[in-house]
Amino acid sequence: MANPLADCVSSLRSSNHLLGNSISILDSGVNDFPRLAKVLQTTKHFELLPSSALSAAQSQLLSSLVPEFNNLLSRVETHLDRLERREQALIARCELLDGRMSMSGANGEAVGKDGGLGRKSLASEGDGSREALKLKQMRAKKERLGYTVERLELQAQQKQRQLRLSVAAQ
């Protein structure tokens with residue numbers, strides 16, 4: 001009876017050895033599994049979309065961008081109108097100042113910052129009569145009033161332009 005049991009023990013030992021070899025082979029395969037998973041992993045570089053989804057996304061983008069573009073265009077137009085009005089105002093002011101300079105140069109009198117005659121022109125007269133002094137003061141006052149009238153006329157013209165622009169913009 002010892003013989004059949006010896007065969008069983010040897011068969012069990014060989015099965016145990018075979019299982020050990022299988023475990024070591026599986027262990028070496030499982031240890032490399034994370035690397036294999038990363039190597040075999042696929043990455044999508046391009047994703048294909050159906051044309052209907054693409055056209056829907058384009059129309060949605062277009063519908064969201066058109067109001068923004070229109071808003072920006074209107075802001076640019078109002079800014080350009082403002083700059084144009086400012087340019088016209090500066091041109092009008094320049095013309096007014098040119099007119100003032102040419103008028104003061106034509107009279108040959110030195111006009112001060114406040115529009116009055118300078119001390120040099122008064123001193124050049126010396127101790128002349130009161131009438132000559134009064135005449136010069138009247139001329140200076142007339143010149144100042146002329147400048148004021150010119151300035152007011154230019155302001156009225158500018159306001160008329162602005163009114164026309166605002167009516168045209170509406």
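The following exercises with worked solutions concern the predicted model shown above.

Residues are numbered from 1 along each chain as its sequence is written, and side-chain values use heavy atoms, with hydrogens and water left out. In this predicted model, local features need pLDDT of at least 70 and side-chain atom pairs count only at pLDDT 80 or more, while totals for chains, interfaces and linings use all residues.

**Exercise 1.** State what the secondary structure of the chain comes to.

Solution. Helices (H or I, at least four residues) and strands (E, at least two) are taken as DSSP runs, numbered from the N terminus. On that basis the chain has five helices and zero strands, and its pattern along the sequence is α-α-α-α-α.

**Exercise 2.** Compare the reach of helix α5 with its expected span, and then place Glu143 within the picture.

Solution. The expected span of a helix is 1.5 Å times one less than its number of residues. Helix α5 (residues 130-169) has 40 residues and reaches 58 Å from its first C-alpha to its last, close to the 58 Å expected. Next, buried means under 20% relative accessible area, exposed over 50%, and partly exposed in between (1.4 Å probe, protein chains only). The buried residues of α5 are Lys136, Ala140, Glu143, Tyr147 and Leu154, whereas across the 170 residues of the chain 8% count as buried. Glu143 counts as buried because its relative accessibility is 10%. Finally, Glu143 and Met103 stand 40 residues apart in sequence but 8.5 Å apart in space, C-alpha to C-alpha.

**Exercise 3.** Identify the residues of the nonpolar surface patch and of the negative one.

Solution. Patches are made of residues with over 30% relative accessible area and no salt bridge, like charges being joined within 9 Å and nonpolar side chains (Val, Leu, Ile, Met, Phe, Trp, Tyr) within 5 Å; a salt bridge is a side-chain nitrogen of Lys or Arg within 4 Å of a carboxyl oxygen of Asp or Glu. Leu61, Leu65, Phe69 and Leu72 make a nonpolar patch of about 380 Å², and Leu72, which lies in helix α3, is partly exposed because its relative accessibility is 43%. The negative patch is formed by Glu77, Asp81, Glu84 and Glu87. Glu84 lies in helix α3 (residues 51-107), and Glu84 is partly exposed because its relative accessibility is 37%.

Key
Areas by Shrake-Rupley, 256 points an atom, 1.4 Å probe, with all protein chains shown as cover. Lys, Arg positive; Asp, Glu negative; His and termini not counted. Charge placed at Lys NZ, Arg CZ, Asp CG, Glu CD.
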